[in-house]
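Trainee: Could you take me through one part of this model in close-up? I'd like to hear about the sheet, and then whatever you can tie to it.

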Amino acid sequence: MSTGYLWHELYGWADTGSGSLFPADPGVGLQPIAHHVAHPDTKRRMHELVVVSGLIDHLQRLQPRHAGEEELLRVHTPEHVRRIRSESRLPKGGDAGDGISPFGRGGYEIATLAAGGAIEVVDAVVQGRVENGYALVHPCGHHAPADTGMGFCVFNNAAVAVKRAREVLGVPKVAVVDWDVHHGNGTQSIFWDDPSVLTVSIHQDRCFPPNSGFGHERGGGAGHGYNLNLPLPPGTGDGGYLYAVENVVVPALRAFAPDLIVVASGMDPNAMDPLARQLVTSRGFRGMTQAVLDVAQEVCGGKVAMVQEGGYSPHYVPFCGYACIETLAGVRLLDDPLFPVVGGMHGHDLEPHQKAVCDEIAELVADIG
Ligand code: 9RB
Ligand code: ZN
């Protein structure tokens, strides 16, 4: 069976403006720059590595469509959808909600194509058109709660696809595993009181948003216990991440036994990322993907849909994403040429303070039933 893969050139046309992280403002010393930190070129480079390496020949190409308004409204408020659409018609576009997430004219259409890309890959996995799949979408989605965009996210792509899977395709239980280095706060809030969707976020402790993602945020009402946060200390490498996946994510997935696993796949735990301080290499991403695939074989016939989130090193993101997609497809074509550098750094062995956090959160798995 095949691995689905989705990218669209329009994702690479997202206009992130002339700021670097904050909008350019010479009055306070903020210079304009060619590429905003979230410029989509990083993801375009990942796509082109998939093509040039020949991996594309081992994948089943899927085509995105635009998510419809009614699909967005399963997750988002009408006010949020309306505001993005109307700002998108302005000559210079607008901002997703926090002043650091700019989009250009037509940004609504790119954002709906990102949500629709997540929908298409999730649909293809659920319907058995592919065994698993990767949606390389832009912009990202996991910070967006119901009523706003933030942290470069406009609409919560993965959540829109999960809601459709639940409500239209009739998938009983879905797990969302978010290994983006930042907390999946939007996804957490959307499914906060929903016991049919398990949300697990592994992230760097208080990186972004700086005030969420704590282990004690566990879901509310009927959803209590069905949200897990694993805030890893800065400096966690392959050993720490793999320990976290093996000892928290995998047992949680076994206990929950979902019918579908969606991975919110950020590449920003990588060792060269400008917006975080973790040390993960392509070896770590390969191992995490394989661990999720293995448990998916046990619980849900291997149904895994990965949806791109963040990742900001144009140098290293392509190799980390490539490692995930190769693992999904079960082929090995290209060695990571940067591995000698990032794999040689000290810090890949599990440290006691990393293990302590994982072991503490692992105890909460007992409440998933
Ligand atoms: C602002 C701050 C940010 C915003 C977004 C990211 C990464 C997002 C991502 C990182 C730092 C702070 C506007 C802090 O990749 N998600 O997956 N910083 N935002 N303070 N202020 C005022
Ligand atoms: Zn991130």
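Mentor: Start with E5 and E10: the two run parallel and are joined by four bridges. One pair to look for is tyrosine 134, which stands opposite methionine 306 in E10. Keep in mind that this is a predicted model.

Now stay on E5, which covers residues 132-135. In a regular strand the side chains alternate between the two faces of the sheet. Here Asn132 and Tyr134 point one way, Gly133 and Ala135 point the other way, and all are buried. On its pairing with E1 (residues 3-6), E5 again goes parallel, over four bridges. There, leucine 6 stands opposite alanine 135.

Next, go back to E10, residues 304-308, and look at its pairing with E9: five bridges, parallel once more. Valine 262 has alanine 305 in E10 as its bridge partner.

Zoom out and these pairings fall into an open sheet of eight strands, in the order E2-E1-E5-E10-E9-E6-E7-E8, with parallel pairing. The edges are E2 (59-62) and E8 (227-232), each of which pairs on one side only. Ignoring direction, neighbouring strands of the sheet are turned against each other by 15° on average.

Just ahead of E10, have a look at glycine 302, in the loop between H8 and E10. Glycine 302 is buried, with a relative accessible area of 2%. Its C-alpha is 8.6 Å from that of isoleucine 261, although the two residues are 41 apart in sequence.

From the strands you can walk to the metal. The zinc ion (ligand 2) is coordinated at 2.0 to 2.7 Å by Asp180 (OD), Asp180 (OD), His182 (ND1) and Asp268 (OD), so Asp180 appears twice in that set, because donors are counted as atoms within 2.8 Å of the metal. Along the sequence the donor residues are spaced D-x1-H-x85-D. Histidine 182 sits in the loop between strand E6 (174-178) and helix H6 (185-190), while aspartate 268 sits in the loop between strand E9 (260-265) and helix H8 (282-300), so the pair ties together parts that are 86 residues apart in sequence. Both histidine 182 and aspartate 268 are buried.

His182 also takes you to the largest pocket, since it is among the residues that line it, along with Leu21, Ile100, His143, Gly151, Phe152, Cys207, Phe208, Leu275 and Tyr312. That pocket has a volume of about 190 Å³. By class, its lining divides into seven nonpolar, three polar and no charged residues.

Closed spaces are the last stop. There are three cavities of 30 Å³ or more, and the largest of them holds about 150 Å³ of space. Its lining has 16 residues, with Thr16, Pro102, Phe103, His138 and Pro139 lying nearest the centre. Strand E4 (102-103) and helix H4 (107-126) each supply at least two residues of that lining, and H4 gives the most, with three. The classes in this lining are nine nonpolar, six polar and one charged.

Definitions and conventions
Residues numbered from 1 in each chain as written. Chains lettered and ligands numbered in written order. Predicted model: local features only at pLDDT ≥ 70, side-chain atom pairs only at ≥ 80, totals over all residues. Heavy atoms only, no water. Donors = N, O, S within 2.8 Å, 3.2 Å for Na, K, Ca; no water. Buried < 20%, exposed > 50% of the residue type's maximum accessible area, 1.4 Å probe, protein only. 1 Å grid on protein atoms, 1.4 Å probe; cavity = no way out; pocket = protein on both sides within 12 Å on 5 of 7 lines; lining within 4 Å. Points joined across faces, edges and corners; volume = space filled by probe spheres on them. Nonpolar A, V, L, I, M, F, W, Y, C, P; charged D, E, K, R; others polar. Pairing = 2+ DSSP bridges. Axes fitted to C-alpha atoms, helices over the stretch in contact; angles between N-to-C directions.
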